[in-house]
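Subject: Handing over the structure

Hi,

Here is the structure I promised to pass on to you. Have a look at it first, and then read on for my notes.

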Amino acid sequence: MSTSSTVDRAFEAALYDTGETALDTGASLLASDPAADAELARRGEELVAAAWRRGWQPADVVRIVRRELDDTHVRLVAELIRAQRAHDGPRGRRWSAQLAELPTDAAPRTDRFSHATAVLALYRLLLRLPALEALDALDALDESSGKPRAESRMLTRIRALLAKAEATGFPEEAEALSAKAQELMARHSVDEALLAAGAPSPETPGACRIGVEPPYEQAKAVLLDAVATANHCRAVWNEPLGFSTVVGFETDLEAVELLYTSLLVQATTAMTKAEAAQRAGGRKRTKTFRQSFLAAYAHRIGNRLATAAETQVTDDLLPVLASREVAVTGRLDRMFPETTTTRLRGVRDAAGWTEGAQAADRAQMRQRPPLR
């Protein structure tokens with residue numbers, strides 16, 4: 001029997017059948033034929049390549065595997081993605097960053113049957129991945145050279161501010177640093193818009209996906225939406241697959257990724273401290289407290305980010321920003337011709353809402369003179 005035939009029979013038994021013994025049947029076939037291992041790995045690389053054609057990116061695949069399976073499968077898919085990389089052309093800075101963040105530990109090798117079972121469970125998931133909205137194949141590339149664009153000094157400074165905000169143990173200092181970072185982001189976005197208006201370039205709005213992980217993913221999605229809106233982007237949440245797609249110009253997308261991650265870290269830290277104080281007072285409703293805390297935090301932070309962004313805009317800049325907003329909206333509508341709204345659930349804990357709002361209120365958004 002050929003190795004290809006062994007793999008075909010295993011796939012027919014395990015990937016296209018949902019019976020309780022399907023995986024066991026397929027794994028038994030593979031475990032009994034070591035010569036099929038190379039063909040099995042090649043088929044896995046093909047499944048990864050098919051996921052790329054359906055709009056998935058490395059971080060998306062790792063996210064869904066981690067969500068649906070376990071750490072062994074995450075390591076297996078990371079190995080497949082790295083192997084498939086040799087067959088891919090250049091895909092841009094964001095794609096390269098996702099590859100660099102793949103787990104590097106090899107999947108533990110157990111007995112052949114257990115290993116084959118894990119591989120088939122992973123392949124079954126990859127085979128059934130739905131098509132996603134296509135993102136740019138080449139993101140953040142310099143138009144003249146085709147090479148990844150270097151990060152600006154402003155973004156380096158913003159990244160340093162957010163790192164300090166995450167590291168400090170003082171909420172007021174963290175929120176002040178975040179406020180300064182958003183102020184710089186708003187200034188950077190306007191500067192980029194002015195440059196584009198003065199020297200038109202082929203740059204068009206792009207898109208990226210940012211994970212919105214459980215628990216309390218609704219409130220996290222609201223926070224990401226607030227950050228995106230304040231930075232001239234638009235976000236669409238995909239609840240079943242655990243991410244939001246953010247549409248905007250590249251420098252604004254970078255700002256959204258930076259600020260959302262930092263604010264989420266800070267919100268979690270503040271929430272943990274507030275929850276501990278509540279428990280010390282005899283409260284036990286942890287889940288509703290956290291959901292309400294994050295919802296209030298997201299709501300208030302959204303208002304303050306919007307105010308910070310507005311301080312950067314003068315009347316003469318409105319046409320420039322308006323044209324970019326039209327471009328972003330057009331890209332969003334093409335990617336998502338149909339969207340729905342959802343109501344935030346589980347926000348019924350008054351103490352959680354109060355604590356979350358107070359945590360956000362401590363962020364003093366220091367104003368600066370409008371740009372001219």
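Let's start with one residue and its surroundings: arginine 43 touches Ser4, Val7, Asp8 and Phe11, leaving out residues up to four places away in sequence. Contact here means heavy atoms within 4.5 Å. The side chain of arginine 43 also makes a polar contact with the side chain of serine 4, at 3.3 Å. A polar contact is a pair of N or O atoms within 3.5 Å; within protein, one must be able to donate a hydrogen and the other to accept it, and residues adjacent in sequence count only if both atoms are side-chain atoms. Arginine 43 sits in helix α3 and is buried, with a relative accessible area of 12%. (Buried is under 20% relative accessible area, exposed is over 50%, and partly exposed is in between, with a 1.4 Å probe and protein chains only.)

Before you go further, please keep in mind that this is a predicted model: local features need pLDDT of at least 70, side-chain atom pairs count only at pLDDT 80 or more, and totals for chains, interfaces and linings use all residues. Residues are numbered from 1 along each chain as its sequence is written, and side-chain values use heavy atoms, with hydrogens and water left out.

Now the overall picture. The chain has 14 helices and three strands. Both are DSSP runs numbered from the N terminus: helices are H or I with at least four residues, strands are E with at least two. Of the 372 residues in the chain, 48% are buried. If you take the contacts between residues at least 6 apart in sequence, 80% of them join residues at least 24 apart.

Helix α5 is a good place to look next. This helix covers residues 71–85, and its end C-alpha atoms are 21 Å apart, which agrees with the 21 Å that its 15 residues should span at 1.5 Å a residue. (The expected span is 1.5 Å times one less than the number of residues.) At the N-terminal end of α5, aspartate 70 acts as a cap, with a side-chain oxygen 3.1 Å from the backbone nitrogen of threonine 72. The buried residues of α5 include His73, Val74, Leu76 and Val77, and the buried residues of this helix pack against α3 (37–53), α4 (58–68), α6 (93–100) and α7 (112–127).

Arginine 75 is in α5 too, but is partly exposed, at 22% relative accessible area. What does arginine 75 contact, leaving aside its neighbours within four places in sequence? The answer is Asp105, Ala106, Ala107 and Pro108. For an exposed residue, try glutamate 101, at 67% relative accessibility, in the loop between α6 and α7. Its C-alpha atom is 9.4 Å from that of proline 58, although the two are 43 residues apart along the chain.

The loop between β1 (206–211) and α10 holds proline 215, and a cis peptide bond joins proline 214 to proline 215, with omega about 5°. Tyrosine 216 is in the loop between β1 and α10 as well; it has a positive phi of about 60° although it is not a glycine, and it is buried at 13% relative accessible area. Histidine 232, in the loop between α10 and β2, also has a positive phi, near 65°, without being a glycine. Histidine 232 counts as partly exposed at 28% relative accessibility.

Finally, the second largest pocket, which holds about 640 Å³ of space. It is lined by 22 residues, and the closest to its centre are Ala235, Trp237, Thr340, Thr341 and Thr342. On a 1 Å grid over the protein atoms alone, a pocket is an open set of points where a 1.4 Å probe fits, with protein on both sides within 12 Å along at least five of seven lines; lining residues have an atom within 4 Å of a point. Grid points are joined across faces, edges and corners, and the volume is the space filled by probe spheres set on the points. Helix α10 (217–230), strand β2 (234–238) and helix α13 (318–335) each supply at least two residues of the lining.

Best wishes
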